[in-house]
Every structure is written in structure tokens, then in C-alpha cells.
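Here's a quick tour for anyone meeting this protein for the first time. Have a look at the sequence and the fold, then read on.

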Amino acid sequence: MSDTYTNITPGNRFRKALEDNAPLQIVGAINAYTAVMAEKIGHKCLYLSGGGVANASYGIPDLGMTSLNDVLEDVRRVGSATSLPLLVDIDTGWGGAFNIAKTIKNVISSGAAAAHIEDQVAQKRCGHRPNKECVSKEEMCDRIKAAADAKVDSSFFLMARTDAFATEGLNSAIERAQSYVEAGADGIFAEAVTEQSHYEAFREAVDVPILANMTEFGKTPLYNRDDLGRWGVDMVLYPLSAFRVMNKAAENLYRVLLAEGDQSRLVEEMQTREELYDYLDYHSYEQKLDDLFSKEDGS
């Protein structure tokens, strides 16, 4: 770790990963086990999606219905299973200045390394859906100031997400981004932009890291990491990619069971018991039990 990040906090692990990877791929972890897999496969940073919490943990749409405590529960679960830095979606912060301050403090104390707060109205929508609405630039700057002031750990990485491109156009979104950086944002999440020139315009306009959201079935084409890096993007987010693959596989299994009466045809597509055990380091736990019981038997 470089001298800049000798204090090994979650925030500094995030900043170091950002420094060492150009750009940094940030993969969505829908639960603790997928976080374990992502880390062992070699990824360097994880993401907890607000939409993922709503969809996967509570079975509801991503329409601002989950609470801070709902998200914190998944932050703790994912964080306890991995050493990777975790970026957390905190939507609009769950209220006014005091609520936002509480959100930041609680997210930090739960082990997160970074968070992004957005400029949609409180009754928010998915960033790739129609009819979303943004608060004024001034109100969003107040959100960022409240969040930045509440950082009990200065290494915690605070990102501002702007949804203004889809509703106000590129120039307005860039003006907002510049104001958000002045208000205390450490990075910019430019949501639902569509072209190379857009990313390059954000890169030229701000001197903080910028994030590209490569979510499937949305407004943004699924650009390659290397192309995005050449365009000035510092972080590439895949918020629900694993979740969508998992969902399609589960849907197929449920249909096959009803139609065919057993799962035999799909066994070759499944993760084996031994592969599961390898990711969980199961055998070391089992060996520990054997050692403990053998000691008891011999006493």
C-alpha cells in the first residue's frame, strides 16, 4: 500500500484499489456468498445496490421503499464475509441534513468504504426509467455538504450521483457535477449517459474520479472496460449483473421442475457441492471440529 494510504481503513482500501486499477471494476454483490466468490475470483471492489436490496432482500421494486436499516443489514452481512472495500448505494440519503448525517455515520460504522448519494427527489425511480425528477442543484449540494460534514473517517469516499443527464441534458449535468465536487464530493457517478463524448466531457469538466454504470437493459450501451478507461472513466460499475444471471437460472430451474418432475437435466449447469465448499473453505471448519472432538475424546 502506498504511503498515502498507510492507515488501512475501508475507505483507504477503496482509494488504493482505485489508484491501482485503471479503471476499477466494481461488481455487485447481492449477498455475502457472492461477495466471497467475487473476492476469490480476483475482483478488487464490491457494490451493494439499493435496487438489489429492495429486489433480492425484500422482494419489492426499487422505488424508494427500503429504509436505511434495511440497507445496513446487507452492508454488515456482505462486509463480514469479505475483506474487499464496499461501495454502497444510499439513494437520496433518507431525509434532510440530520438524516443524511446519520446515514453516513451508520454506513461508515457498518464497515462500508464508500457511498454514493443521488440528486433525485425523495420519491426516486430507477435511473434508467422514465419520469424521474431531480431536486435543484442547490438542494443536492446541501445533501453533499451534510454528508461530507458527517464523515467520521476522512478516508471514506463520498460520491455524488447525478441523474440530470436524462432530464436536463449534458451541459446541466456537467454543471451539477462541478458544483457537487465543490460541495465535497470525492467522485462523480454520471447516470444514464450514452456516448463516448459524454464521458469525455465529464472527464474534462471535473478533476475527481468518475464512474460509468454498465447496468444491463438500460439506456447506456454495455461498453468495454478498456474503452471506458481510454475515455477517462475511473470506475466501471456492474450493479446487478450477477443477480440477473442468477435469477434467469433459478427461473429456468423452477419451470423445469414443474414441467419434467426432476432437475436432472440442469445438474451440469449447477455449482457443485465441492465447488461451494471450496469457496466457503468448508473443509478447514470441518477439520477444526474434528480436532476439537478428538481432543475431547482423548481427555
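## Strand β8 and its two faces

Let's start with strand β8, residues 235-238: M235 and L237 point one way, V236 and Y238 point the other way, and all of them are buried. That back-and-forth fits a general pattern. In a regular strand, side chains alternate between the two faces of the sheet. Keep in mind that this is a predicted model.

## Who β8 pairs with

β8 has strand β1 (residues 24-28) as a partner, and the two run parallel, joined by four bridges. Within that pairing, V27 has Y238 of β8 as its bridge partner.

Strand β7 (residues 210-213) pairs with β8 too, again in the parallel sense, over three bridges. Here A212 stands opposite V236. To get from β7 to β8, the chain passes through helix α10 (residues 225-230), making a right-handed β-α-β crossover.

## Cysteines without a bond

How many disulfides does the structure hold? Zero. C134 is in no disulfide, and the nearest cysteine sulfur, that of C141, is 13 Å away. A disulfide here needs sulfurs within 2.5 Å, so the 13 Å between C141 and C134 is too far for a bond.

Both cysteines are tucked away from the surface: C134 is buried at a relative accessible area of 14%, and C141 is buried at 12%.

## A serine in a loop

Finally, find S110 in the loop between α5 (97-109) and β4 (114-118). Is S110 buried or exposed? S110 is buried, with a relative accessible area of 15%. Leaving aside residues up to four places away in sequence, S110 touches L72, V75 and R76.

How values were computed: Residues numbered from 1 in each chain as written. Predicted model: local features only at pLDDT ≥ 70, side-chain atom pairs only at ≥ 80, totals over all residues. Heavy atoms only, no water. Buried < 20%, exposed > 50% of the residue type's maximum accessible area, 1.4 Å probe, protein only. Contact = heavy atoms within 4.5 Å. Pairing = 2+ DSSP bridges. Right-handed = clockwise from strand over helix to strand, strands pointing away.
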